[in-house]
Each structure stands twice: as C-alpha cells, then as structure tokens.
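Student: Could you take me through one part of this model closely? I would like to see how a single helix sits among its neighbours.

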Amino acid sequence: MFTSMTIPLGFGVAIMIYFFGRSYQKLKLRETIIEIEDDLPDTIFQFGNKFTEQIPIESAVREYLEETELLKMRKRSMASFFSEVRDRIENEGVTFNKAIFGDDKLLSKYPSVLLQEIMWIITEGSKKGSQVLYKIITNISTYLDNIKKIKELIYDLLVETSESIKMQAKFLAPFLAAVV
C-alpha cells in the first residue's frame, strides 16, 4: 500500500511545488502594491504641504525627503520612490515629469496603477502652479483617506460576518450529523 501511494503523492507534491512557485512572485508583487497604496494617502498629504510655500515641485521633493529622514521614515516604499525621483532630478538634471515618465520609466519598479495615475495627475497639475497643485494633492489625499476608511469598514463587516458563519457552522455541524 505504501509503495502504491508514492506515485500519487509524488505527483501531488510536484503539482503543489509548481503552483506555489508560480504564485510566490505574484503574492510578493501584491504585497508590494498593498504597501505602496497604504502609504500613499499620508505621503501625498505630506508632499502636498510643501506647496504652501510656493516652491517648485523639484524643491518640494528634496524638502519632503529631508523631512522623512528627520522622521526616520526612510525605509517605506514611497520614501524610496521619492528618493529615486530626487536622484534622477539631481544627477540627470531632468524635470519631475521626465524623472518619472522618462525613457527608463521609474514607475515600472513600482507596479501600482493608482500610483501611476496619481503621479500623472501631479505632473499635469505642476504645470498650473503650486497653488493649484496644493489643492489637487489635498483633494487626492482626502479621497484616498476616505477610500482607506471605507476599505477598513468593509473589512470589519466581512470579518464579523465570517466569524458569525463559522460559529453557526460549528454549532450546526454536530446537530446535522446527529440528524443524519
């Protein structure tokens, strides 16, 4: 019996390893996207506050990074994104728009569609001036914060519902087994 089970177990283990290996990269990418999108509302708000001083967007990136270094938020994904933007602006002498959407796109390292859309809105808004950009970024930050609150509320409701279903299943399963 043991020898006859080795072939199906071998196939099962091989299939399990194949699908785990195939989904591992996707799960890692998903975690990266979730981390980026969780950091986005706070980062955008802090970045937007720099435009109350009527400074260009390139200077705002530099000041934002100096502030994050003081607050020791350097390890977060959005801080590293803006650090790469600053490095491209200073080393290559390009604008904010070229640093993000240039020849070798910076956003390919950060696969969030939400981040791409927000950066496009910010680059287009930077053409209108810092006051308009401040209003745009403040509205985006408020919108993202509201989305985050709604997401947490939905998650809480789903957890409550699933716990209720689990409790009912634990209660009803022995009863149904007895009836059967």
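Tutor: Happily; what follows is a walk around helix α3 and the core it belongs to. Keep in mind that this is a predicted model.

Let's begin with the helix itself. α3 covers residues 77-92. Its 16 residues should span 22 Å at 1.5 Å a residue, and the C-alpha atoms at its ends are indeed 22 Å apart, so the expected and modelled lengths agree. Just after α3 comes G93, with a positive phi of about 70 degrees.

Now look at what is hidden. The buried residues of α3 are S77, M78, A79, F81, F82, S83, V85, R86, R88 and I89. Their cover includes α1, α2, α4 and α5.

Two of these buried residues, F81 and F82, lead us into the largest nonpolar core. This core has 30 residues, and F81 and F82 are listed with F47, F96, M119 and I122 as those with the most contacts inside it. Two or more core residues come from each of α1, α2 (57-70), α3 (77-92), α4 (96-101), α5 (113-126) and α6 (130-179).

F47 gives a nice view of how these pieces meet. Leaving aside residues up to four places away in sequence, F47 touches F82, along with I57, A60, V61, Y64, I122 and I137.

For contrast, turn to the surface, where I7, F11, I15, Y18 and F19 form a nonpolar patch with about 580 Å² of accessible area together. One of them, I15, lies in α1 (residues 2-49). I15 has a relative accessible area of 49%, so this residue counts as partly exposed, since exposed requires over 50%.

Conventions
Residues numbered from 1 in each chain as written. Predicted model: local features only at pLDDT ≥ 70, side-chain atom pairs only at ≥ 80, totals over all residues. Heavy atoms only, no water. Patch = residues over 30% accessible without salt bridge, like charges linked within 9 Å, V, L, I, M, F, W, Y side chains within 5 Å. Areas by Shrake-Rupley, 256 points an atom, 1.4 Å probe, with all protein chains shown as cover. Salt bridge = Lys/Arg side-chain N within 4 Å of Asp/Glu carboxyl O. Helix = DSSP H or I, 4+ residues; strand = E, 2+ residues; numbered from the N terminus. Buried < 20%, exposed > 50% of the residue type's maximum accessible area, 1.4 Å probe, protein only. Core = buried A, V, L, I, M, F, W, Y, C linked by side-chain atoms within 4.5 Å. Contact = heavy atoms within 4.5 Å. Expected span 1.5 Å × (residues − 1).
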